[in-house]
Amino acid sequence: MKQLKYFAALFMTVALLFSFGCASTATKESTGEYFDDSVVTTKVKDALFSESTLKSSEINVETYKGIVQLSGFVSSQANMDKAVEIATGVKGVQSVKNDMQKK
């Protein structure tokens with residue numbers, strides 16, 4: 001009986017430590033947040049690829065905690081504005097940081 005209590009306490013301790021390992025911090029995403037950001041990144045890339053006036057290969061997309069960062073070199077200010085507009089309209093995007101530069 002004493003071994004059962006010891007095993008139960010050990011199991012709960014390990015489970016508690018594991019759950020803290022999956023929690024997010026100010027500088028690190030949790031597993032769920034990382035997965036959500038990957039989905040948002042994919043949706044934004046797909047939306048940019050679907051826009052025929054943009055060269056989606058020129059635009060890099062990264063997402064961290066719902067904030068999308070667009071970077072790269074584009075041919076015009078209009079393309080920058082269009083990319084930001086498209087990214088802003090994607091579900092799950094909280095805000096867009098525009099780090100693109102004009103060629």
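Lys65 is partly exposed, with a relative accessible area of 26%, where partly exposed covers the range between buried (under 20% relative accessible area) and exposed (over 50%), computed with a 1.4 Å probe on protein chains only. This lysine sits in the loop that joins β1 to β2 (67-74), and although Lys65 is not a glycine, its phi is positive, at about 55 degrees. The model is a predicted one, in which local features need pLDDT of at least 70 and side-chain atom pairs count only at pLDDT 80 or more, while totals for chains, interfaces and linings use all residues. Residues are numbered from 1 along each chain as its sequence is written, and side-chain values use heavy atoms, with hydrogens and water left out.

The loop holding Lys65 is a good place to meet Asp37, a residue of helix α2. The backbone nitrogen of Lys65 is 2.6 Å from a polar atom of the Asp37 side chain, and the backbone nitrogen of Gly66 is 3.0 Å from a polar atom of that side chain. Polar contacts are pairs of N or O atoms within 3.5 Å; within protein, one atom must be able to donate a hydrogen and the other to accept it, and residues adjacent in sequence count only if both atoms are side-chain atoms. Asp37 is buried but has no salt bridge, and Lys65, the nearest side chain of opposite charge, is 8.0 Å away. For charge, Lys and Arg count as positive and Asp and Glu as negative, with His and the chain ends not counted.

Turning to the overall fold, three helices and three strands are present, arranged along the sequence as α-α-β-β-α-β. These elements are DSSP runs numbered from the N terminus, with helices being H or I runs of at least four residues and strands E runs of at least two. Of the 103 residues in the protein, 25% are buried. Contacts are defined by heavy atoms within 4.5 Å; among those between residues at least 6 apart in sequence, 58% join residues at least 24 apart. The accessible surface amounts to about 7500 Å², with 61% of it belonging to carbon and sulfur atoms, as given by the Shrake-Rupley method with a 1.4 Å probe, where for residues only the protein chains shown count as cover.

The largest nonpolar core has 16 residues, and Val44, Leu48, Ile59 and Leu70 touch the most other members. Elements giving two or more residues to this core are α2, β1, β2 and α3, and the largest share, four residues, comes from α3. Such a core is a set of buried Ala, Val, Leu, Ile, Met, Phe, Trp, Tyr and Cys residues joined through side-chain atoms within 4.5 Å. In soluble globular proteins, nonpolar side chains tend to be buried together.

Helix α3 (residues 77-88) also contains Met80, which is buried at a relative accessible area of 6%. Beyond its neighbours within four places in sequence, Met80 is in contact with Val74, Asn98, Met100, Gln101 and Lys102. The C-alpha atoms of Met80 and Asn98 are 8.0 Å apart, with their positions 18 residues apart in sequence.

Two salt bridges are found in a search of the whole structure, a salt bridge being a side-chain nitrogen of Lys or Arg within 4 Å of a carboxyl oxygen of Asp or Glu. One of them joins the side chains of Glu58 and Lys103 at 2.8 Å, N to O. Glu58 lies in the loop between α2 and β1 and Lys103 in the segment after β3 (95-102), so this pair ties together parts that are 45 residues apart in sequence. Glu58 is buried, at 14% relative accessibility, whereas Lys103 is exposed, at 64%. Leaving aside neighbours within four places in sequence, Glu58 is in contact with Ser71, Gly72, Phe73, Val74, Ser75 and Lys103.

Lys97 and Asp99 form a salt bridge too, their closest N and O atoms being 3.9 Å apart. Both partners are partly exposed, Lys97 at 46% relative accessibility and Asp99 at 31%. Asp99 belongs to strand β3, and its side chain makes a polar contact of 2.5 Å with the side chain of Gln69. The C-alpha atoms of Asp99 and Gln69 are separated by 6.9 Å, although the two residues are 30 apart along the chain. Outside its neighbours within four places in sequence, Asp99 is in contact with Gln69, Leu70, Ser71 and Gly72.
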